[in-house]
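Work through the exercises below with the structure open beside you. Try each task before reading its solution.

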Amino acid sequence: MLFNAKIMIWKTSPAALTAWRSLMWKLSSAAGLCSGPGSSDSSVSDEKPPHTPVMLKEILHYLDLKPAQVVLDMTFGGGGHTKAILNTVPEVTVLALDRDPEAISLAQQLAKQHFGRVKPLLGRFSELEALMSNMNIKPGSIDAVLLDAGCSSMQMDQAKRGFSLSKDGPLDMRMDGERYPDMPCAADVVNTLDQQALASILTAYGEERHARKIASAIVEARRVNPITRTHQLASVVAGAFPASIVHARKDRLHRPAHIATKTFQALRIFVNDELKELHTGLCAARSALKPGGRLCVITFHSLEDRLVKHFLQDRDLSHLEQCHFIENKRNGRREKLVDKNRECNKNAHWFPVQRKVVTPEKDDVRENPRGRSAKLRVVLRR
Ligand SMILES: C[S@@+](CC[C@H](N)C(=O)[O-])C[C@H]1O[C@@H](n2cnc3c(N)ncnc32)[C@H](O)[C@@H]1O
């Protein structure tokens, strides 16, 4: 896509990005940009808030682990799912992957408590095959895989990570933290890309109806001051709309949602290349699993869920747009869609365990509202 061109410049010229960033740090009157030099955040408590695992009992049920099996937790996060697996299945071994160094240091602590049963792997989905091969773990040898997509509460709740519009912090959003210092953060994106590229990101990854209006407001605002803080971005977006509609949208629990919520989602997905990573992760899970091995995938928004659904139907994902079009025009076209699925499934890699998508129970949503939009899909590897 066209906006990838600018990112390519950053990727091929890290020096330019570093120079640009240090200029931005100097310009930023508040704390530093992207948790770089001089950045600090007094609002972060020393004690990390726990991440409440979503659909825990459903995951334990559908993974259906037997003693001494090997499970790959591709999204260790706060370790909630892994801990429950360790505590309920005797002698199970967990390979614990996460791209976030903070999550992996928790996995290392857990590995000390459960000697030999937790193997922490720091890296992205796209690095999994290499990580497994370094550990001499053969493809096709894993009994079950869990992929719980998106961000953890530990990431969302720490202002210094810059994911949350309700907590003021540097506009960062990199799940990898400082692992790849040349990787653009959200502030790099909003301050550098042109208006059309920004609008494309908001449309593609936030499904934001007002993408062009918001992109225009961002470009206007950054002419005056670079946008370096989460609250600053939230107020730039809010400033493009009448006050009466800033909280007019509703989330799934019918609570008011800030007008910038989709902008934040879009930037996060773009910064972390989340959809491409998710697709690569699903391919890696497929090659890691034994025949008959189980895959449980939890998604949190329609872009992720559509991708996972199509992947598990063995559809060619380069036709994602076309499939989406057909779904939107479903009336009267049902037969065509079913035929297409059948055609795609001739060489299927998966058996569905559960025909219907599993969603959290009402009580669980009340206790853990972040899980409100979760969807669980469960399949067996052929
Ligand atoms: C929803 S949290 C997982 C929470 C975990 N299941 C628990 O119970 O605490 C998602 C985690 O996946 C990690 N993650 C997201 N995308 C990733 C990727 N492409 N590669 C590796 N880890 C990823 C994030 O850093 C985050 O820690």
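**Exercise 1. A residue in its surroundings**

In which strand does Thr93 lie? Then decide how exposed Thr93 is, and list its contacts.

*Solution.* Bear in mind that this is a predicted model.
- Step 1. Thr93 belongs to strand S2.
- Step 2. Count the C-beta neighbours: Thr93 has 19 inside 10 Å. A buried residue needs 20 or more, and an exposed one has 12 or fewer. Thr93 therefore counts as partly exposed.
- Step 3. Set aside the neighbours within four places in sequence. Thr93 is then in contact with Val70, Arg117 and Lys119.
- Step 4. Look for Gln69, 24 residues from Thr93 along the chain. The two C-alpha atoms are separated by 6.4 Å.

**Exercise 2. The sheet**

Give the order of the 7 strands in the open sheet, and find the strands at its edges.

*Solution.*
- Step 1. Trace the order: S3-S2-S1-S4-S7-S9-S8. The pairing is mixed.
- Step 2. Go to the edges. Strand S3 (118–122) and strand S8 (350–352) stand there. Each has a single partner strand, so one side of each is left without a neighbour in the sheet.
- Step 3. Follow the twist. From one strand to the next it averages 20°.
- Step 4. Examine S2 and S3. They pair in the parallel sense over 5 bridges. Ala96 stands opposite Pro120 in S3.

**Exercise 3. Strand S7 and its partners**

In what sense does S7 pair with S4, and in what sense with S9? Why is S7 described as largely enclosed?

*Solution.*
- Step 1. Take S4. Its pairing with S7 is parallel, over 6 bridges. Ile142 stands opposite Leu289 in S7.
- Step 2. Take S9. Its pairing with S7 is antiparallel, over 6 bridges. Thr299 has Lys375 in S9 as its bridge partner.
- Step 3. Count the buried residues of S7: 8 of 11. S7 is therefore largely enclosed by the rest of the structure.

**Exercise 4. Two helices across the strands**

Which strands does helix H3 lie across, and which of its residues are buried? Compare the strands that H13 lies across.

*Solution.*
- Step 1. Helix H3 (residues 56–63) lies across strand S1 (70–73), strand S4 (142–148), strand S7 (289–299) and strand S9 (375–381). It runs at about 165° to S7.
- Step 2. Its buried residues are Glu58, Ile59, Tyr62 and Leu63. They cover an arc of only 120° around the axis, which puts them on the same side of H3.
- Step 3. Turn to the face away from that buried side. It carries the exposed residues Lys57 and His61.
- Step 4. Find what the buried residues of H3 pack against: S1, H4, S4, S7 and S9.
- Step 5. Move past the end of H3. Asp64 follows, with a positive phi near 50°.
- Step 6. Now H13. It lies across S1, S4, S7 and S9, and runs at about 165° to S4.

**Exercise 5. Around the ligand**

Which of the 22 residues around the ligand come nearest, and which elements give two or more residues to the shell?

*Solution.*
- Step 1. The nearest are Pro53, Thr75, Gly77, Gly78 and Gly80.
- Step 2. The elements are helix H4 (80–88), strand S2 (93–98) and helix H13 (274–288).
- Step 3. Sort the shell residues: 6 are nonpolar, 10 polar and 6 charged.

How values were computed. Residues numbered from 1 in each chain as written. Predicted model: local features only at pLDDT ≥ 70, side-chain atom pairs only at ≥ 80, totals over all residues. Near = placed C-beta within 6 Å. Helix = DSSP H or I, 4+ residues; strand = E, 2+ residues; numbered from the N terminus. Nonpolar A, V, L, I, M, F, W, Y, C, P; charged D, E, K, R; others polar. Pairing = 2+ DSSP bridges. Axes fitted to C-alpha atoms, helices over the stretch in contact; angles between N-to-C directions. Contact = placed C-beta atoms within 7 Å. Arc of directions from axis to C-beta.
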